[in-house]
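This report looks at charged side chains and how they pair. Please keep the sequence and the structure at hand while reading.

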Amino acid sequence: MGATEMKVTVSPEGLRAALNDDGEFRLQARYWDGALQLQFGDDVYVLRLEQGEVVGVEDSPLDGTARCEVIVSAPVADWYEFLQPIPRPLYHELYPAMWHHGFELKGDDDYVWTYYAALRRACEMLRDLASIEEG
């Protein structure tokens with residue numbers, strides 16, 4: 001099955017609630033006022049953050065040039081591997097997935113690395129929150 005036949009879906013409200021209820025994410029994201037875009041192929045979820053709390057989820061893509069904005073993107077086929085309950089080696093975490101597969105971290109470098117632990121936690125949580133639709 002090719003990547004164009006799969007789609008990653010996430011409930012925006014479920015994602016917002018889960019991240020806000022997760023102590024690890026909230027601790028790592030504290031002080032973050034900005035936006036995090038999760039991009040699954042062409043589909044985007046933009047999380048608006050205030051002091052690390054997700055206050056909204058939108059579907060209008062960021063351009064990645066504004067301060068405080070971070071974009072995590074990958075082709076759907078790579079997200080499919082990353083979102084497996086027990087992912088294959090080098091899909092287990094963002095950093096190796098970025099170096100060995102199609103993941104990209106873009107945006108404000110000061111925020112990418114300052115809040116990397118929050119990014120990692122959010123993406124780990126996607127394993128329970130996202131679903132892969134095949135069609």
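Is Glu124 buried, partly exposed or exposed? In this predicted model, Glu124 is partly exposed, with a relative accessible area of 26%. Its partner in a salt bridge is Arg120, and the closest N and O atoms of the two are 3.8 Å apart. Arg120 is partly exposed as well, at a relative accessible area of 33%. Both residues belong to helix 6, where a spacing of four residues places them about one turn of the helix apart. This pair is part of a wider arrangement, since salt bridges with shared partners join Asp22, Glu24, Arg120, Arg121 and Glu124 into one network.

Within that network, the side chains of Asp22 and Arg121 meet in a salt bridge with an N to O distance of 2.8 Å. Asp22 sits in the loop between helix 1 (12-21) and helix 2 (23-29), whereas Arg121 is in helix 6 (residues 116-129), so the pair ties together parts that are 99 residues apart in sequence. Asp22 counts as buried because its relative accessibility is 13%, and the cut-off for buried is under 20%.

Another salt bridge joins Arg67 to Asp110, with the closest N and O atoms 3.8 Å apart. This pair also links distant parts of the chain, for Arg67 lies in the loop between strand 4 (53-58) and strand 5 (69-74) and Asp110 lies in helix 5 (residues 109-114), 43 residues apart. Arg67 counts as exposed at 55% relative accessibility, while Asp110, at 49%, counts as partly exposed.

The three pairs described above are set out here.

| Pair | Distance between N and O |
|---|---|
| Asp22 and Arg121 | 2.8 Å |
| Arg67 and Asp110 | 3.8 Å |
| Arg120 and Glu124 | 3.8 Å |

These pairs are among the 10 salt bridges that a search of the whole structure finds.

Which side chain of opposite charge is nearest to Glu69, a buried residue without a salt bridge? It is Arg48, which is 4.2 Å away from Glu69; a salt bridge requires the nitrogen and the carboxyl oxygen to be within 4 Å, so a separation of this kind does not qualify. Glu69 has its place in strand 5. Leaving aside neighbours within four places in sequence, Glu69 is in contact with Ala35, Arg48, Leu62, Asp63, Gly64, Lys106, Gly107 and Asp108. Arg48 is thus one of the contacts of Glu69, although Glu69 has no salt bridge.

Terms used:
Residues are numbered from 1 along each chain as its sequence is written. This is a predicted model: local features need pLDDT of at least 70, side-chain atom pairs count only at pLDDT 80 or more; totals for chains, interfaces and linings use all residues. Side-chain values use heavy atoms; hydrogens and water are left out. Helices (H or I, at least four residues) and strands (E, at least two) are DSSP runs, numbered from the N terminus. Buried means under 20% relative accessible area, exposed over 50%, partly exposed in between (1.4 Å probe, protein chains only). Lys and Arg count as positive and Asp and Glu as negative; His and the chain ends are not counted. Contact means heavy atoms within 4.5 Å.
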